[in-house]
Amino acid sequence: MSKSESQFRNGYRFSRLQEHGFGAVLEFRCADLDSQLEVFAQQADSILARFYAAHGLMVVKGLQAIVERPQALVELSRCFGAEVEDYHQTLTSPRFFHESVNEILILSNAEPCNHPPPEKPAVADSSWLPTRFPDQVNWHTDQSYRRPPPDVTLLLAVELPPRDQGQTLFADCTAAYAALGPKQQRRLEQLQGIHAPSWIGRSRAAVENGEPPLALLPHQLPRRQPLVRRHPVSGEKSLYICEEKQMDFVDGPIAGLETGPQGEGAALLRELLMHATREEFVYVHEWEPGDLLIGDNRNLLHCATWYDAARYRRLMWRTTVMGNPGAEYQGEAKTWIPGDGSDVMAGMENA
Ligand SMILES: [Fe+2]
């Protein structure tokens, strides 16, 4: 028996994702999907405990077989939250819908999704991957423009570009908050960010370019979120922010502070993004086939990076789960469900 095999217990093993900092790796002894799902279901408490101890980031290896059985991704997602979200009922364009499973969102540069990668960062050394904002500008937390936002995102690698392209970055906003001074922590706890979909003409770039904001139905309006959230499982506080595409620069980005791209709110957001994406808070995931990356939206930022979309296809399947957003959202109804039964995306057809 080899040394690594001896580390398996009950058909699985954990390891650290990086020597220092957050994140965990889960591997199964068996490559058969039914056995993997069985271990997952039987050991769910232990897996969840490790997930939260690792500040909400876990990579599960060797799940290629899910591509042949997409419903298995939904089953597995259910371990991380009471409700696996139906993307036909969220503020999501139909071009992102999976062909047969409503709970899976597709992210791909291929038809019909046509989701392009972020632009290649303009840095002198093209072999260097910048991670800190604003050299890397795509940092966000999923669907923060609704209340409550989703708890956890699960991302399965289906088709990948070469290893040094199309990475996913994560920033530990629990550690970032803890590193702030007490005076700054107290100030931020009193403030709320105003989050908005990237396609409604309220991003920093849209406002700077003078684009007219889209007329919105009540359920599509930007939403206020606390700048500091207390995690409902760990009890730890974290920064909760998004980069400038997914914040409202018409009425924000920070409620109560001077609005607009040159305002006091924009300056504070920029300072917080630069702080949260400092090297010591960031993990870079180099994808391997069959990786399932699970990240907690309540306390992590994440970010996709550039890949050569003219040469390579990249296809990821995503699920999100909700049901435990924390005390700040206690008893709230879903803001994004229209009260009159109309289409969730009405008027947003070009998103
Ligand atoms: Fe995302």
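**Exercise 1.** Determine whether methionine 247 is buried or exposed, and establish which residues it touches.

*Solution.* Step 1: a residue is buried if 20 or more other C-beta atoms, placed from the backbone, lie within 10 Å of its own, exposed if 12 or fewer, and partly exposed in between. Step 2: methionine 247 has 28 other C-beta atoms within 10 Å and is therefore buried. Step 3: methionine 247 belongs to the loop between strand 11 (237-239) and helix 7 (264-276); helices (H or I, at least four residues) and strands (E, at least two) are DSSP runs, numbered from the N terminus. Step 4: contact requires C-beta atoms, placed from the backbone, within 7 Å. Leaving aside residues up to four places away in sequence, methionine 247 touches Gly193, Ile194, His195, Ala196, Cys242, Gly252, Pro253 and Leu269.

The model is predicted: local features need pLDDT of at least 70, side-chain atom pairs count only at pLDDT 80 or more, and totals for chains, interfaces and linings use all residues. Residues are numbered from 1 along each chain as its sequence is written.

**Exercise 2.** Describe the open sheet of three strands and explain why strand 12 and strand 14 stand at its edges.

*Solution.* Step 1: two strands pair if DSSP finds at least two bridges between them. Step 2: the strand order is 12-7-14, and the pairing is antiparallel. Step 3: strand 12 (282-285) and strand 14 (300-304) each have a single partner strand, so one side of each lacks a neighbour in the sheet. Step 4: from one strand to the next, the twist averages 20°, where axes are lines fitted to C-alpha atoms and angles run from 0 to 180 degrees between N-to-C directions. Step 5: strand 7 (residues 168-172) is joined to strand 12 by four bridges, and alanine 171 stands opposite valine 282 in strand 12.

**Exercise 3.** Locate the cis peptide bonds that precede proline 112 and proline 134, and examine the positive phi of histidine 55 and of glutamine 143.

*Solution.* Step 1: most residues other than glycine have a negative phi, and most peptide bonds are trans. Step 2: the bond from glutamate 111 to proline 112 is cis, with omega near -10°; the bond from phenylalanine 133 to proline 134 is also cis, with omega near 5°. Step 3: proline 112 lies in the loop between strand 5 (105-108) and strand 6 (152-159), as does proline 134. Step 4: glutamine 143, found in the loop between strand 5 and strand 6, has a positive phi of about 45°. Glutamine 143 is buried because 22 other C-beta atoms lie within 10 Å. Step 5: histidine 55, in the loop between helix 2 (44-53) and strand 3 (57-60), has a positive phi of about 60°. Histidine 55 counts as buried because it has 25 C-beta neighbours inside 10 Å.

Methods
Contact = placed C-beta atoms within 7 Å.
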